[in-house]
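This report looks at a few local features of one protein model, moving from aromatic contacts to a sheet with its helices and then to the backbone.

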Amino acid sequence: MRVVVDLTRCQGYGQCVFAAPEVFTMHGQEALLYDPDPSDAERERVLQARAACPVQAIHVDRLTAHVADGTSQPYQAAGDGDGFKRSGRIVIVGASLAGLRAATVLRREGFAGSLTLIGDETHEPYDRPPLSKQVIIGQMPVEHTMLPQLEDLDAEWLLGQRATGLDVAGKRVRLADGRQIGFDRLLIATGVRARPWPNEAEAALDGVCVLRTIEDAAWLRQRLAAGAGRVLVIGAGFAGSEVASVCRELDRPVTVTERGPAPLSGALGRVIGAIAAQMQREHGVDLRCDTTVTALEGDAEGRLRAARLSDGSTLEVETAVVALGAVRNVDWLEGSGLAAGVWGVGCDAGCRVFDTNGLVTDDIFAAGDIARSPHPAYEYQFLALEHWGNAIAQAEIAAHNMVSEQSQRWAHLALPVFWSSQFGVNIKSVGVPTFADEVMITQGSVADRRFVAAYGYRGRITAAVTFDQGMWLEFYQRLIEQAAPFPPDFDMVGRPAVMEPVPAEVPQRIAAVQGATVVVTGHDPSERRATLVRRPR
């Protein structure tokens, strides 16, 4: 039996914990933890938990999509007049969450043709969020992270195969083993990889790691269980902060270095980041903000022993977790003629990929962490979102559009929603907090670590962040979608006596085109072409 909880929907009511306490547990006030692969003896209780969930966030054996009235969308058989659905060829490059979700939706929408999924990892698709939480703390074996699949998916799986190139004109994907896989329509869902430590010799020291894959999580789990020395976490984003939280739960001394002014400030701004900093220090984290690691040092046997910091200090450490963000997997698309670069793969709101001239391709789509598309709610800025919920939602849109006529295609307009469980607190967000100029605590208590913060930009609400107040997220989502005024003025439970907006202090927006130059050639409109020229690596 496979269980997945859509934690973007979960509001922490905890009915599932009462129904199936051997499978679901509540960490702190609202942070739900669960076993994705419970024994079959728990099936009846898990099904009771699914039925009791007020927001229908629990999926058993397969990931299902829900329409507005909460019902599951039915399987649609291909009609006699739909030749492509009956005999077309679809290739999905990227066999993780977005790729798997797209494949299941394609079959649900009646696509009966050839379906091929290509993935560079040898494992079947697995869920990544548990890796930085349950897996490395030892609460869950890595084998339990595998995602549910449709038994009747009827797809060819090419796992352990790396895509190395794309022939757009010939409609072929080139693989590392020399094969070329033909397609009629292609979905790019290659996601991201962890950004490595930039010094290769230092990165190779025994004790230096990143956290992205099953292998990374298994290695770090063993390392944390076996050692007793200090752990260094380089970077205080969500992944780095979650690793620091696990270290403190294991009673391991941990130092966190952060280039910015506060943890999570790159995603939530300095104001909320300062609250996260207080939370870390209250739990015993040695937090060093505005500080970088200048060197990692090893002994004669190549084992990590020390780290030099920009504040002049030297730390004795035995494990260093590099949490410096992600690199989008676009290398294999170089020279393809698609608008793909360090920013991801450019596409429209219907997930159709742009070529380097800015023209929309008809048969190539993108979804998940790698896709960058315009969002009307944020002045049509192109957003690339590395969140579980976005991978699911965008994959569904892409799959639907791949097998639909132009007049029946959908736009990916869902607001970004993400969550993080750290230091016993469930942090959730809706909207884009960095698209704001002001922020205000609208409900709850910062001192109690149970509050809602609303973000505003030029007089309208653009995002909200909750600390153990997830039940309010849908309310604020509706406000954002309705372009409600900021600051909000309404009577709410837990409204503070004083509600004063302050500058959000979000990081300065960086142009996504950094790292590439476009050269335009030709004179007549029929000859004009744009070509991406990469900067030397």
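A residue counts as buried when its relative accessible area is under 20%, as exposed when it is over 50%, and as partly exposed in between. In this predicted model, both F84 and F111 are buried by that criterion.

## Aromatic contacts

The structure holds 10 aromatic pairs. One of them is formed by F84 and F111, whose ring centres are 5.6 Å apart and whose planes make an angle of 35°, an arrangement classed as tilted. F84 belongs to helix α3 (residues 83-87), whereas F111 sits in the loop between α4 (97-108) and β6 (114-119), so the pair ties together parts that are 27 residues apart in sequence. The ring of F84 has a further neighbour in R185, which lies over its face at 4.0 Å from the ring centre. Elsewhere, Y378, F435 and Y457 form one aromatic cluster.

## A mixed sheet and the helices on it

An open sheet is built from 6 strands in the order β7-β6-β5-β11-β25-β24, with mixed pairing. Its edge strands, each of which pairs on one side only, are β7 (156-159) and β24 (352-354). On average, and with direction ignored, neighbouring strands of this sheet are turned by 30° against each other.

Within the sheet, strand β5 (residues 89-93) pairs with β6 in the parallel sense over 5 bridges, and I92 has L117 in β6 as its bridge partner. Helix α10 (residues 388-402) packs on the sheet and touches β5, β11 and β25 (360-366), with its direction at about 140° to that of β25. Helix α4, for its part, lies across β5, β6, β7 and β11 (185-188) and runs at about 175° to β6.

## Helix α8

How many of the 12 residues of α8 are buried? The count is 9, so the helix is largely enclosed by the rest of the structure. Among the buried residues of α8 are F238, E242, V243, V246 and C247. The helix covers residues 238-249 and reaches 17 Å from its first C-alpha to its last, which is close to the 16 Å expected at 1.5 Å a residue. After α8 comes D251, whose phi is positive, near 65°.

## Backbone features to check

Most residues other than glycine have a negative phi, and most peptide bonds are trans. Against that background, the table sets out two residues that have a positive phi without being glycine.

| Residue | Phi | Loop | Relative accessibility |
|---|---|---|---|
| E379 | near 55° | between β26 (371-375) and β27 (381-383) | 45%, partly exposed |
| R449 | about 60° | between β30 (438-445) and β31 (450-457) | 10%, buried |

E379 thus counts as partly exposed, at 45% relative accessibility, whereas R449 is buried, with a relative accessible area of 10%. The reasoning rests on the cut-offs given at the start: a value of 10% falls under 20%, and 45% falls between 20% and 50%.

Which kind of peptide bond joins F486 and P487? The bond is cis, with an omega of about 5°, and P487 lies in the loop between α11 (473-481) and β33 (502-503).

How values were computed
Residues numbered from 1 in each chain as written. Predicted model: local features only at pLDDT ≥ 70, side-chain atom pairs only at ≥ 80, totals over all residues. Heavy atoms only, no water. Phe/Tyr/Trp six-rings, centres within 6.5 Å; stacked < 30°, edge-to-face > 60°. Helix = DSSP H or I, 4+ residues; strand = E, 2+ residues; numbered from the N terminus. Buried < 20%, exposed > 50% of the residue type's maximum accessible area, 1.4 Å probe, protein only. Lys NZ or Arg CZ within 6 Å of the ring centre and 35° of its normal. Pairing = 2+ DSSP bridges. Axes fitted to C-alpha atoms, helices over the stretch in contact; angles between N-to-C directions. Contact = heavy atoms within 4.5 Å. Expected span 1.5 Å × (residues − 1).
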